[in-house]
Amino acid sequence: MPKDSAILLRDIRQLLTLRSPSAKVGPRRGKELSELGVIENGAVLVRDGEFVAVGTTREVLRIAKREAKKVQEISCRDQVVLPGFVDSHTHPVFAAPRLIDFEKRITGANYEQIAEAGGGIRSSIRGVRESSRSVLTAKVLGAFEEMAAHGTTTIEAKSGYGLDFDSEIKSLEAIRSAARKFGGTVIATLLGAHTVPPEHRAKPEKYVRIICEEMIPTAARKKLAKYVDVFCERGAFTPEQSERILRTARDHGLEVRAHVNQLTEVGLERFDQFAPASYDHMDKVSAGDIQRLSKADMIATLLPAANYFLGLSEYPPARKLIDAGVAVALATDYNPGTAPTASMPFVLSAACTHMKLSPAEAIVAGTFNGACALRLQGSKGSIEPGKDADLAIFDADNYREVPYWFGVNRCSATMLNGSFFLPANHSKV
Ligand SMILES: [Zn+2]
């Protein structure tokens with residue numbers, strides 16, 4: 001777009017700005033989690049990938065005349081506009097869906113029986129190890145585009161199904177290649193510590209050394225990842241191993257986040273020293289940790305699509321967390337084993353129906369607090385002048401419809417860094 005031209009989106013029935021309710025810049029918690037900053041009959045002016053003006057259609061029209069020589073006006077036809085979703089927890093680097101797991105689990109099969117039948121994480125590991133980088137890149141890009149079609153504009157993407165040095169680096173390279181072809185924003189995370197691969201099961205320490213001595217230094221040197229993640233869980237990595245991995249990540253200048261408290265509760269205090277941006281899953285969490293988190297900037301990222309897909313009746317204790325003042329975010333956990341969905345609106349819906357978030361709380365958790373979970377709240381997560389022009393337009397009269405309709409896609413358009421999203425294969429029949 002030439003420098004003096006701009007896009008004006010007008011006639012927005014409800015523009016959810018999520019502008020800051022106070023001067024403070026941290027994550028939204030408590031009552032702030034319900035503050036959407038709605039402007040009726042709103043408009044935004046976008047130039048050079050950023051929001052230049054935000055207000056009512058009348059106000060923004062006036063500013064547009066002054067600010068830009070050439071303005072392309074687009075009517076949003078009385079739909080709802082909100083900040084693009086920030087999906088702060090996804091595992092998009094895999095080769096194939098896990099249909100054996102899906103069907104076997106329905107019949108009540110356990111983890112071992114699924115593995116015996118050729119399913120489980122081993123099948124994903126094999127798939128990634130045997131796939132070329134370009135095949136993985138195409139898969140990852142396909143996932144990013146499906147997410148964007150549902151209103152997501154910023155995506156955290158983890159490696160974690162290669163689980164050897166070459167395959168983890170290949171996975172991160174696939175994320176980087178896909179990110180370059182995608183108009184949205186992608187943050188890469190090394191999750192070499194997803195699980196101990198079969199060949200190291202007898203001696204997991206050796207695998208921890210490969211993560212610390214090979215994967216992390218290479219990912220840092222090649223700038224392939226911003227974050228290092230670890231799955232601290234019974235059957236995955238112990239708290240001591242997890243600490244070592246997170247410490248190594250910090251030593252190499254990488255930031256950290258962690259999968260914790262999905263199946264078993266582990267005290268989080270030991271990890272605070274590494275200043276994780278987010279603790280993810282949090283199905284089981286102690287009263288003491290809830291108290292501490294209510295005073296910290298770390299985000300508790302909840303992933304209800306996994307509980308839904310696994311057919312669990314229990315969900316993370318979102319109400320307890322929110323009512324205590326913990327800053328919560330929502331993300332898809334997009335992955336082939338437990339959460340094959342690219343849809344943030346579905347996640348918001350599950351959060352409302354199963355975790356009792358209000359529609360407003362779910363929207364803030366899936367946008368602004370998701371941005372905080374990636375430490376991107378300075379540029380993402382709300383519609384305010386100076387921020388990146390990421391937004392989603394929903395075919396709805398009321399924002400509550402965003403989590404209300406489920407199993408259908410009501411997102412009619414997505415803007416990624418100032419440009420409307422067009423999937424690479426949009427011309428295919
Ligand atoms: Zn995960």
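## Strand 1 and its partners

Let's start with strand 1: it runs antiparallel to strand 2 (residues 38-47), and 7 bridges hold the two together. Within this pairing, L9 sits opposite V44 of strand 2. Bear in mind throughout that this is a predicted model.

Strand 1 also has parallel partners. It pairs with strand 4 (residues 70-75) in the parallel sense, over 6 bridges, and there I7 faces Q72 of strand 4. A parallel pairing with strand 5 (residues 80-83) has 2 bridges, with L15 matched to V81 of strand 5. Of the 12 residues in strand 1 (residues 5-16), 9 are buried, so the rest of the structure largely encloses this strand.

## Two domains

The domain assignment splits the chain into domain 1 (5-83 + 382-420) and domain 2 (85-373). Note that domain 1 is written as two segments. The C-alpha centres of domain 1 and domain 2 are 29 Å apart. As for the contact between them, 32 residues of domain 1 meet 38 residues of domain 2.

## The late strands

Further along the chain, strand 14 (residues 391-394) and strand 15 (residues 411-416) run antiparallel and are joined by 4 bridges. One matched pair here is A392 with T414 of strand 15.

Strand 15 then pairs with strand 16 (residues 419-420), again in the antiparallel sense, over 2 bridges. M415 has F420 of strand 16 as its bridge partner. Strand 15 and strand 16 make a hairpin with 2 residues between the strands, and N417 adopts a positive phi near 50 degrees in that hairpin.

## The parallel sheet

Now for the open sheet: 8 strands, ordered 6-7-8-9-10-11-12-13, with parallel pairing. Its edges are strand 6 and strand 13 (328-330), each of which pairs on one side only. From one strand to the next, the twist averages 25 degrees.

At the strand 13 end, strand 12 (residues 299-302) and strand 13 pair in parallel over 3 bridges, and T301 is bridged to A329 in strand 13. Helix 5 (residues 133-149) packs on the sheet and touches strand 6, strand 7 (152-158) and strand 8 (185-193). The direction of helix 5 makes about 145 degrees with that of strand 7. Helix 6 (residues 165-181) lies across strand 7 and strand 8, and runs at about 175 degrees to strand 8.

## The zinc site

Which residues hold the zinc ion? The donors are H89 (NE2), H91 (NE2), H259 (NE2) and D333 (OD), at 2.1 to 2.6 Å. Their spacing in sequence reads H-x1-H-x167-H-x73-D. H89 belongs to strand 6 (residues 85-90) and H259 to strand 10 (residues 255-260), so this pair ties together parts 170 residues apart in sequence. Both H89 and H259 are buried.

If you plan to look at the coordination geometry, the angles are worth a glance. The 4 donor atoms subtend angles of 81 to 167 degrees around the zinc ion, and the arrangement is therefore irregular. For four donors to count as tetrahedral, all angles would have to lie between 85 and 135 degrees.

## Two buried loop residues

A331 is in the loop between strand 13 and helix 13 (344-355). Is A331 buried or exposed? With 0% relative accessibility, A331 counts as buried, the cut-off being under 20%. Its contacts, leaving aside residues up to four places away in sequence, are D87, S88, H89, T301, L302, L303, P304, M344 and V347. Two names on that list have come up already: H89 is one of the zinc donors, and T301 is the bridge partner of A329. The C-alpha atoms of A331 and S294 are separated by 20 Å, with these positions 37 residues apart in chain numbering terms.

Q262 is the other one to check, in the loop between strand 10 and helix 9 (269-272). Q262 has a relative accessible area of 15%, so it is buried too. Again not counting residues up to four places away in sequence, Q262 touches F231, E233, H281, D283 and K284.

Methods
Residues numbered from 1 in each chain as written. Predicted model: local features only at pLDDT ≥ 70, side-chain atom pairs only at ≥ 80, totals over all residues. Heavy atoms only, no water. Donors = N, O, S within 2.8 Å, 3.2 Å for Na, K, Ca; no water. Tetrahedral: all angles 85-135°; square planar, octahedral: opposite > 155°, others 65-115°. Buried < 20%, exposed > 50% of the residue type's maximum accessible area, 1.4 Å probe, protein only. Pairing = 2+ DSSP bridges. Axes fitted to C-alpha atoms, helices over the stretch in contact; angles between N-to-C directions. Contact = heavy atoms within 4.5 Å. Domains from an automatic or database assignment.
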